[in-house]
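User: Hi! I am new to protein structures and would like to learn how to read one, feature by feature. Could you walk me through this example?

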Amino acid sequence: MSDRYEIDLNVKPGDDLQDEEMAEAPQAAVKRKGRGFQSGDQRGDGVHSSAFDKLNSSDDSASGRALKSIEGWIVLITGVHEEATEEDILDRFGEYGEVKNVHLNLDRRTGYVKGYVLVEYEKFSEAEEAIAAMNGAKLLDQTLTCDFAFVKPTNNDDRGRRGLTTRGRGGYGGRRSGRSNSPTRR
């Protein structure tokens, strides 16, 4: 019932028999668990590069830190009056080029504009001209601030790793529940 194996102790490293046995041994298979692994997977993580849209850098020459989104050049406008309408934005920003899309985010509770608008242009030159002309301009008695929505990070900009906050995980200066970590005398 039990299998018996014979071991040849006379085989030395470098013998032809051992090399032939090793050549006949099946190679260890790479095991991958999870969804998305296929036989033609090049990267090894289940993601194929052909599944993503790519941006053509020859669309329109951009200088500085601006980045193009998949659809076009998106301008972020802040300081928008709460009673501004899509027509107000189109009238003011349509002067600088064809506006492909306007996104006015409304507050659910009040129904008013939250204070920012995204305006999309086809060409970089149109977006840049709109930013130059409208940054600091007034709309419904409020000063607008305009810039590109997507920008390249600078070398010293590490907000992607830390998040946007400047305080650590310990709360405000290490205090919890309004108490200080340092001992106090009473």
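Analyst: Gladly; we will go from the overall layout to the sheet, the core and the aromatic rings. This is a predicted model, in which local features need pLDDT of at least 70 and side-chain atom pairs count only at pLDDT 80 or more, while totals for chains, interfaces and linings use all residues. Residues are numbered from 1 along each chain as its sequence is written, and side-chain values use heavy atoms, with hydrogens and water left out.

User: Let's start with the layout. How many helices and strands does the chain have?

Analyst: Helices (H or I, at least four residues) and strands (E, at least two) are DSSP runs, numbered from the N terminus. Here there are four helices and six strands. Following the sequence, you meet them in the pattern α-β-α-β-β-α-β-β-β-α.

User: How do I read a sheet?

Analyst: Here is the general idea: strands of a sheet pair through backbone hydrogen bonds, either parallel or antiparallel. Two strands count as paired if DSSP finds at least two bridges between them. In this model, four strands make an open sheet with the order β2-β3-β1-β6, and the pairing is antiparallel. At the edges are β2 and β6 (145-148), each pairing on one side only. On average, neighbouring strands of this sheet are turned by 20° against each other, direction ignored; axes are lines fitted to C-alpha atoms, for helices over the stretch in contact, and angles run from 0 to 180 degrees between N-to-C directions.

User: Which strands does β1 join, and through how many bridges?

Analyst: Strand β1 (residues 73-78) is joined to β3 (residues 113-121) by six bridges, and to β6 by four. You can find individual partners too: Leu76 is opposite Leu118 in β3, and Ile77 has Cys146 in β6 as its bridge partner.

User: And what links β2 and β3?

Analyst: Strand β2 (residues 99-106) pairs with β3 over six bridges, in the antiparallel sense. Val99, for example, faces Tyr121 in β3. The two strands form a hairpin with six residues between them, and Gly111 in the turn has a positive phi of about 85°.

User: Which strands does helix α3 lie across?

Analyst: Helix α3 (residues 124-134) lies across β1, β3 and β6, and runs at about 155° to β6.

User: Now the inside. How do I recognise a core?

Analyst: In soluble globular proteins, nonpolar side chains tend to be buried together. Buried means under 20% relative accessible area, exposed over 50%, and partly exposed in between (1.4 Å probe, protein chains only). A nonpolar core is a set of buried Ala, Val, Leu, Ile, Met, Phe, Trp, Tyr and Cys residues joined through side-chain atoms within 4.5 Å. Of the 186 residues of this chain, 20% count as buried. The largest nonpolar core has 26 residues, of which Ile77, Ile89, Phe93 and Tyr121 touch the most other members. β1, α2, β2, β3, α3 and β6 each supply at least two residues of this core, and α3 gives the most, with five.

User: Which residues does Ile77 touch?

Analyst: Contact means heavy atoms within 4.5 Å. Not counting residues up to four places away in sequence, Ile77 touches several residues, including Phe93, Val117, Val119, Leu144 and Cys146.

User: Is Thr78 buried or partly exposed?

Analyst: Thr78, which lies in strand β1, is partly exposed because its relative accessible area is 30%.

User: Finally, how do I describe a pair of aromatic rings?

Analyst: You give the distance of the centres and the angle of the planes. Rings of Phe, Tyr and Trp (its six-membered ring) pair if their centres lie within 6.5 Å; planes under 30 degrees apart count as stacked, over 60 as edge-to-face and the rest as tilted. By this rule there are three aromatic pairs. In one of them, Trp73 and Phe148 meet edge-to-face, 6.1 Å centre to centre with 70° between the planes. This pair links distant parts of the chain: Trp73 is in strand β1 and Phe148 in strand β6, 75 residues apart. Phe124 and Phe148 form a stacked pair, at 5.4 Å centre to centre and 5° between the planes. Trp73, Phe124 and Phe148 together form one aromatic cluster.

User: Why does Phe148 count as buried?

Analyst: Phe148 counts as buried because its relative accessibility is 12%. Phe124 is buried too, at 4% relative accessible area.
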